[in-house]
Amino acid sequence: MAFSYRLLSRSKQLYGSQAILNQQLAFPVRYYAKEAAPDGFKGDEMLKDIFRDLKKQFDTAIGVFRKEKIIIDPEDPAAVSHYAKVMKTAREKAGLLSESQRIQYTIEEETKDIPDARTYFLQLQEIRIKRDLPDELGVEAMIMDALEKVEKEIKKPLMRNDKKGMALLMAEFDKINTKLGVRREDLPKYEEGLELKIAKAQLEELKKDAVEAMETQRKREEFKNEEAVDVKSLDIRNFL
């Protein structure tokens, strides 16, 4: 452990806090502009408030991670599950959005001025692609087929404020959900699955960064005779 600490503490390739919180603190600045700024409220003051809030969130989240031992083993379900729980605790205490909440926020922001259903769903597709989210079940094609069916029935483009037309579309969506075996009451389970995938991906990134850092440092003369260290033996708390 002495070697691993010396090795990684000397390397600038591994920043535990950045690796862990790099996505958690991806908070849209537009959130702070939901309400009009008071008269005389200068831009630099608003920026100061934003950075103060972010620093507070960062410190709170890091405080949680400093209390928990994280095993960098993305192939161990127990390690992934524990990391996901720690992330959730840190996020909740720091008042940060979950991945699904961030996606929902993005959807609301980018589609609020779209009047018709077709453009709305095309925008959802663009958001999915930008966030690198897979459409493994081909749901988008099913949605567009359902939309085609409804628009053919009402004989005009479906507008989002058309209550009757949207009700027809929702009925088609219920059929799709039944076909796919998706139930509304199972949504929390799907969100938990998403959080586990994110946790595993972050552990994989941490492992990759740690291995690269150690391999780079071992090329230095002072570390040439040191033995390799198992990444799973590292304690992230030493690097926060």
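This is a short talk on a predicted protein model, from its overall make-up down to a few residues.

Hi everyone, and thanks for coming. Let me start with how far we can trust what we see. Since this is a predicted model, I looked at confidence before anything else. The protein averages a pLDDT of 80, and 81% of the residues score at least 70. Where is confidence lowest, and where is it highest? The lowest mean, 40, belongs to helix α1, residues 2-9, while helix α7, residues 139-154, has the highest, at 95.

Two stretches deserve some caution. Over residues 1-21 the pLDDT stays under 50, although the model has 60 contacts beyond four places in sequence for them. Residues 25-36 also stay under 50, and for these the model has 19 such contacts. Where pLDDT is low, the predicted coordinates should not be read in detail. Please keep that in mind when you look at the start of the chain.

Now the overall picture. How many helices and how many strands are there? The protein has nine helices and zero strands, so, by the DSSP runs used here, every element you meet from the N terminus on is an α. Of the 240 residues, 35% count as buried. The accessible surface comes to about 15,600 Å², and carbon and sulfur atoms account for 52% of that. Take the contacts between residues at least 6 apart in sequence: 71% of them join residues at least 24 apart.

Let's move inside, to the aromatic rings. The structure holds three aromatic pairs. One of them is phenylalanine 65 with tyrosine 83: the ring centres are 6.2 Å apart and the planes sit at 55°, so the pair is tilted. This pair links distant parts of the chain, with phenylalanine 65 in helix α3 (residues 43-65) and tyrosine 83 in helix α4 (residues 77-94), 18 residues apart. Are these two residues buried or exposed? Phenylalanine 65 has a relative accessible area of 2%, so it is buried. Tyrosine 83 is at 0% relative accessibility, and therefore counts as buried too.

Another pair is made by tyrosine 120 and phenylalanine 121. Their ring centres lie 5.3 Å apart with planes at 75°, so this pair is edge-to-face. Tyrosine 120 and phenylalanine 121 are both buried. Together with Phe173, Tyr120 and Phe121 form one aromatic cluster.

Tyr120 also brings us to a residue I'd like you to find on the screen, threonine 111. You'll see threonine 111 in helix α5, residues 99-111. Its relative accessibility is 3%, so it counts as buried. What does threonine 111 touch, leaving aside neighbours within four places in sequence? The answer is Tyr120, Gln123, Leu124 and Arg160.

Last stop: a pocket. The second largest pocket has a volume of about 340 Å³. It is lined by 14 residues, and the closest to its centre are Lys88, Arg91, Glu191, Glu192 and Glu195. Which helix gives the largest share of this lining? That is α4, with six residues. Both α4 and α9 (187-218) supply at least two lining residues each. And α4 is a helix we have already met, as the home of tyrosine 83.

So, to take away: nine helices and zero strands, three aromatic pairs, and a stretch at residues 1-21 where pLDDT stays under 50. Thanks for listening!

Key. Residues numbered from 1 in each chain as written. Predicted model: local features only at pLDDT ≥ 70, side-chain atom pairs only at ≥ 80, totals over all residues. Heavy atoms only, no water. pLDDT = per-residue confidence, 0-100. Helix = DSSP H or I, 4+ residues; strand = E, 2+ residues; numbered from the N terminus. Contact = heavy atoms within 4.5 Å. Buried < 20%, exposed > 50% of the residue type's maximum accessible area, 1.4 Å probe, protein only. Areas by Shrake-Rupley, 256 points an atom, 1.4 Å probe, with all protein chains shown as cover. Phe/Tyr/Trp six-rings, centres within 6.5 Å; stacked < 30°, edge-to-face > 60°. 1 Å grid on protein atoms, 1.4 Å probe; cavity = no way out; pocket = protein on both sides within 12 Å on 5 of 7 lines; lining within 4 Å. Points joined across faces, edges and corners; volume = space filled by probe spheres on them.
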